[in-house]
Amino acid sequence: MIAAYRTPAAHRQAVRDALLDTTAELVQEHGLASVTTTQIAEATGIGRATLYKYFPDVESIPQAWHERRIGGLAIDDGPLCILAGTTTTEGTGP
C-alpha cells in the first residue's frame with residue numbers, strides 16, 4: 001500500500017516508483033510475457049484504472065523502469081529486451 005505524503009507530487013512519484021518496482025519483481029518471477037496490468041495494480045495495492053493514470057499501456061511500464069535505471073537516458077528498445085537485461089546497444093558506447 002502507498003503511504004501518505006505531504007505533497008501530491010511526492011505521492012505521485014511514490015506510486016509511480018512502486019508500480020515500477022512491482023513490475024520488475026513480477027517480471028523476474030513470472031516473465032515479461034506473463035505479467036498483466038491487473039497483476040501489477042493488485043500487487044501494488046491500487047486499482048487498474050489508477051495504473052492507467054500513470055502509464056498508458058503495459059508496454060510503457062518496463063520502458064519507464066529501464067529509463068529510471070539508466071538515469072533518464074532513453075534507449076529505443078522494446079520492453080522484452082529491457083527487462084531481460086539486453087539491448088541492441090550492448091557492447092557499444094563508453
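The accessible surface of this protein comes to about 6,000 Å², and 53% of that area belongs to carbon and sulfur atoms, with the areas taken from the Shrake-Rupley method using a 1.4 Å probe and, for residues, counting only the protein chains shown as cover. Before going on, I should say that this is a predicted model, in which local features need pLDDT of at least 70 and side-chain atom pairs count only at pLDDT 80 or more, while totals for chains, interfaces and linings use all residues. Residues are numbered from 1 along each chain as its sequence is written, and side-chain values use heavy atoms, with hydrogens and water left out.

Of the 94 residues, 34% count as buried, where buried means under 20% relative accessible area, exposed means over 50%, and partly exposed lies in between, with a 1.4 Å probe and protein chains only. The protein has five helices and zero strands, so that from the N terminus on the elements run α-α-α-α-α; helices here are DSSP runs of H or I with at least four residues, strands are runs of E with at least two, and both are numbered from the N terminus. Taking the contacts with a separation of 6 or more, 38% come from residues 24 or more positions apart, a contact being heavy atoms within 4.5 Å.

Let me turn to how two of the helices meet. Helix H1, residues 8-30, packs with H4 at an angle of about 105°, with the axes 9 Å apart; the axes are lines fitted to C-alpha atoms, for helices over the stretch in contact, and the angles run from 0 to 180 degrees between N-to-C directions. H1 and H4 are therefore roughly perpendicular to each other, on a scale where under 35 degrees is roughly parallel, over 145 roughly antiparallel, 65 to 115 roughly perpendicular and the rest oblique. The residues of this contact divide into six nonpolar, one polar and four charged, with Ala, Val, Leu, Ile, Met, Phe, Trp, Tyr, Cys and Pro counted as nonpolar, Asp, Glu, Lys and Arg as charged, and the others, Gly among them, as polar. On the H1 side the participants include Leu19, Leu20 and Thr23, and on the H4 side they are Ile61, Ala64, Trp65 and Arg68.

H4 itself, residues 60-69, is mostly covered, since seven of its ten residues are buried, among them Ile61, Ala64 and Trp65. Just after H4, Gly71 takes a positive phi of about 75°.

Which residues does Thr23 touch, if we leave out those up to four places away in sequence? Thr23, in helix H1, touches Ile40 and Ile61 on that count. Thr23 counts as buried at 2% relative accessibility, and its side chain reaches the backbone oxygen of Leu19 at 2.8 Å, which falls within the polar-contact definition: a pair of N or O atoms within 3.5 Å, where within protein one must be able to donate a hydrogen and the other to accept it, and residues adjacent in sequence count only if both atoms are side-chain atoms.

Ile61 also appears in the surroundings of Leu51, a residue of helix H3, residues 48-54, which is buried with a relative accessible area of 0%. Not counting residues up to four places away in sequence, Leu51 touches Leu19, Thr37, Ile40, Ala41, Ile46 and Ile61, and the C-alpha atoms of Leu51 and Ile61, ten residues apart along the chain, are separated by 9.8 Å.

Ile40 recurs too. Leu26, in H1, is buried at 11% relative accessible area, and, with the same sequence neighbours set aside, touches Gly31, Val35, Gln39, Ile40 and Ala43. The C-alpha atoms of Leu26 and Ala43, 17 residues apart along the chain, are separated by 8.7 Å.

Finally, is Val58 buried or partly exposed? Val58, in the loop between H3 and H4, is partly exposed, with a relative accessible area of 27%. Leaving aside neighbours within four places in sequence, Val58 is in contact with Val35, Thr37 and Ile40.
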